Amino acid sequence: MDHLAVQDHPYQPDHLDAWTLISHLSALTERIVFVTDVADLQLRPPVMLAKAAASLSVLTGGRVRLGVGGGGIPDAIASMGGPARRGPDMVAFAEESVELLHRALNGEVVRHHSPYHSIGGYQPGPNPPQPVGVWLGAQKRRMLTVTGRYADGWISPSTSMSRHTRCPPGRRSSTRRPPRPAVTPARCGASTT
């Protein structure tokens, strides 16, 4: 196994916190790359996620990928104090959040004010030993388009994998970010607790 995906569903009483579990497991292993599957952007602000991912990458020698999602279970998110964004509002929020994640992980000072985020000058760091990839969990057309434009990888729900036979749309058409190399498939396991 190359990668271990750890589900991040903090509103599920039986699930351990993904970052705590990944920290524990990474101390017990030497080769496995850990992926959050998927960190909910509505419950975990992008610059905090960047800080957590960069920190864990330093501690593990680069064995971290950041799987994120826009928040596909709005009522559960609201039960934890997050906003219950849906539809186009959730997609726009996720798109902006992924852009902010990339900026922070690339070492840029982040200043950004919008209806979704108010970041007054985040100083990124620590510097990870290698780039931390941002993979986006998506299954509907608008989120797949965001994935193709901004993400380094794609996490597809196993229940919908057969519906998607092509790469997410927009993969090579983005003018906002330079083209990225294709994602190499990896052997991956999954864990909830």
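Is Arg 44 buried or exposed? Arg 44 turns out to be buried, with a relative accessible area of 16%, and that is under the 20% cut-off for the label. The legends below walk through a predicted model, starting with the whole chain and then going in on a few spots.

**Figure 1. The whole chain has five helices and nine strands.** Going from the N terminus, the elements come in the order β-α-β-β-α-β-α-α-β-β-β-α-β-β. Of the 193 residues in the protein chain, 49% are buried. Take the contacts with a separation of 6 or more: 66% of them are between residues 24 or more positions apart. As for the outside, the accessible surface comes to about 10000 Å², and carbon and sulfur atoms hold 54% of that.

**Figure 2. Asp 17 and Arg 44 form a salt bridge.** This is one of four salt bridges that turn up in a search of the whole structure. Here the closest N and O atoms sit 2.9 Å apart. The two partners come from distant parts of the chain, 27 residues apart. Asp 17 is in the loop between β1 (3-7) and α1 (18-28), while Arg 44 is in the loop between β3 (39-40) and α2 (46-60). Their surroundings get separate labels: Asp 17 counts as partly exposed at 31% relative accessibility, whereas Arg 44 is buried at 16%.

**Figure 3. Asp 75 pairs with Arg 86 in a salt bridge.** The N to O distance is 2.6 Å. Asp 75 belongs to helix α3 (residues 74-79) and Arg 86 to the loop between α3 and α4 (87-105), so this pair ties together parts that are eleven residues apart in sequence. Asp 75 has 54% relative accessibility and counts as exposed, because the label applies over 50%. Arg 86, with a relative accessible area of 45%, is partly exposed.

**Figure 4. Arg 103 meets Glu 108 in a salt bridge, and another set of charged residues forms a network.** The side chains of Arg 103 and Glu 108 come together with an N to O distance of 3.6 Å. That still makes a salt bridge because the cut-off is within 4 Å. Both ends are partly exposed: Arg 103 has a relative accessible area of 24%, and Glu 108 has a relative accessibility of 38%. Elsewhere, Asp 8, Asp 17 and Arg 44 are joined into one network by salt bridges that share partners.

**Figure 5. Helices α1 and α2 pack with their axes 11 Å apart.** The angle between them is about 10°. That makes α1 roughly parallel to α2, because angles under 35 degrees get that label. Which residues meet where the helices touch? On the α1 side they are Trp 19, Ile 22, Ser 23 and Ser 26. On the α2 side they are Leu 49, Ala 52, Ala 53, Leu 56 and Thr 60.

**Figure 6. Thr 147 is a buried residue in helix α5 (residues 141-150).** Its relative accessible area is 3%. What lies 2.8 Å from a polar atom of the Thr 147 side chain? The backbone oxygen of Met 143 does.

Methods. Residues numbered from 1 in each chain as written. Predicted model: local features only at pLDDT ≥ 70, side-chain atom pairs only at ≥ 80, totals over all residues. Heavy atoms only, no water. Helix = DSSP H or I, 4+ residues; strand = E, 2+ residues; numbered from the N terminus. Buried < 20%, exposed > 50% of the residue type's maximum accessible area, 1.4 Å probe, protein only. Polar contact = N/O pair within 3.5 Å; in protein donor to acceptor, adjacent residues only side chain to side chain. Contact = heavy atoms within 4.5 Å. Areas by Shrake-Rupley, 256 points an atom, 1.4 Å probe, with all protein chains shown as cover. Axes fitted to C-alpha atoms, helices over the stretch in contact; angles between N-to-C directions. Parallel < 35°, antiparallel > 145°, perpendicular 65-115°, else oblique.
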